Amino acid sequence: MDLGLRGKVAMVAAASQGLGKAVALGFAREGANLAICSRNRAALEAVAEEARAHGVDVLAIPADVTRAEDITAFVERTVAHFGGVDILVTNAGGPPAGTFQDFPDDAPWQAAFELTLLSAVRLIRGVLPSMRARGGGSIVVMTSSSIKVPIPNLILSNVFRAGVAALAKTLAEEFAPYNIRVNNVLPGRIATERLLYLDRVTAERLGVDPETVRQRVIATIPLGRYGDPEEFANAVVFLASERASYITGASLQVDGGYIKCIY
Ligand SMILES: NC(=O)c1ccc[n+]([C@@H]2O[C@H](COP(=O)([O-])OP(=O)(O)OC[C@H]3O[C@@H](n4cnc5c(N)ncnc54)[C@H](OP(=O)(O)O)[C@@H]3O)[C@@H](O)[C@H]2O)c1
């Protein structure tokens with residue numbers, strides 16, 4: 001299937017490793033030009049080099065998505081270089097693990113709000129004028145299986161990702177008149193650094209080793225394994241593509257069957 005992505009301009013946030021990197025490389029394989037950002041300049045440039053091997057133009061812009069001025073620069077430099085934006089994938093690192101009682105002050109709640117929810121708001125606000133001017137576009141937000149099944153010991157992530165999901169669903173209707181689709185992709189357990197971190201934290205909390213945690217989690221996943229970042233990226237790339245032209249407001253789980261509810 002030709003996804004119709006050749007020559008399109010895709011912005012992928014938080015793309016120096018893990019899911020963001022896999023998504024960026026997925027677009028590059030399909031011939032889309034890229035603007036990618038994250039804080040670590042060297043790691044980001046290494047991803048850009050890998051993507052350029054697919055013959056596409058890649059702009060790597062160091063940016064912290066918690067800083068409004070960095071997001072503005074990310075969007076402005078992308079539009080200046082490519083002439084506009086067709087696709088946006090919102091992403092950021094995850095907030096720290098912990099329970100309600102681990103965060104007795106406002107500061108970590110405010111930081112998680114800025115990292116997870118406000119970054120998506122600002123990225124979308126940034127690309128909207130360009131997408132409207134081009135007569136359409138596609139936005140994919142990355143959330144988590146936790147918007148359907150909250151994950152123990154991850155209260156900050158659980159709360160603000162639900163907000164991102166609500167944002168996407170609301171904007172799918174608000175932006176439909178502009179031919180801008182907005183969809184949400186929910187990773188279950190995909191093998192990245194973040195997942196290793198979460199398994200370590202759970203292992204310490206339960207007093208077991210990380211491999212025991214991994215086996216316990218895998219036992220709850222019908223496909224019996226963690227996902228590969230490329231498997232996750234394939235879903236994002238498809239939803240962003242022309243072949244998903246009648247899909248908006250959807251929440252697509254990429255979780256090996258982990259979420260058991262019907263809707
Ligand atoms: N992996 C999973 O199974 C899974 C499941 C559910 C949800 N998620 C969520 O999906 C997101 C991506 O997950 P992942 O597994 O790819 O995580 P990861 O391996 O920890 O990668 C996080 C990425 O985000 C970037 N980043 C972090 N903070 C940033 C900031 N303030 N500004 C710009 N970039 C930032 C990092 O790059 P720099 O260090 O260069 O900035 C890195 O490229 C996370 O929010 C994670 O919690 C993951």
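Helices here are DSSP runs of H or I with at least four residues, numbered from the N terminus. With that in hand, the predicted model can be read from the ligand outwards. Helix α6 gives the most to the shell around the ligand, namely three residues.

As for where the ligand sits, the space it takes is the largest pocket. Two elements, α1 (18-29) and α6 (193-206), give two or more residues to the shell. There are 27 residues around the ligand, and the ones that come nearest are Leu19, Ala92, Arg161, Ile190 and Thr192. Sorted by class, that shell holds twelve polar residues, nine nonpolar ones and six charged ones.

Now for the polar contacts. Ala92, already listed among the nearest residues, brings a polar backbone atom to 2.7 Å from an oxygen atom of the ligand. Side chains join in as well: a polar atom in that of Ser38 is 2.7 Å from a ligand oxygen, and for Ser16 an N or O atom of the side chain sits 2.8 Å from an oxygen atom of the ligand. As for burial, the ligand taken alone exposes 870 Å², and the protein covers 91% of that area.

How far does the predictor trust all this? The protein averages a pLDDT of 97, and 100% of the residues score at least 70. Confidence peaks in strand β4 (residues 87-90), at 99, and is lowest in α6, at a mean of 92. So it goes for the ligand shell, too: α6, the element that gives the most residues to it, is also where the confidence is lowest.

Methods
Residues are numbered from 1 along each chain as its sequence is written. This is a predicted model: local features need pLDDT of at least 70, side-chain atom pairs count only at pLDDT 80 or more; totals for chains, interfaces and linings use all residues. Side-chain values use heavy atoms; hydrogens and water are left out. A residue is near a molecule or strand if one of its heavy atoms lies within 4 Å of it. A polar contact is a pair of N or O atoms within 3.5 Å; within protein, one must be able to donate a hydrogen and the other to accept it, and residues adjacent in sequence count only if both atoms are side-chain atoms. Accessible areas come from the Shrake-Rupley method with a 1.4 Å probe; for residues, only the protein chains shown count as cover. On a 1 Å grid over the protein atoms alone, a cavity is a set of points where a 1.4 Å probe fits but cannot get out, and a pocket is an open set with protein on both sides within 12 Å along at least five of seven lines; lining residues have an atom within 4 Å of a point. A molecule sits in a cavity or pocket if more than half of its atoms lie within 2 Å of its grid points. Ala, Val, Leu, Ile, Met, Phe, Trp, Tyr, Cys and Pro count as nonpolar, Asp, Glu, Lys and Arg as charged, and the others, Gly among them, as polar. pLDDT is the predictor's confidence in each residue, from 0 to 100.
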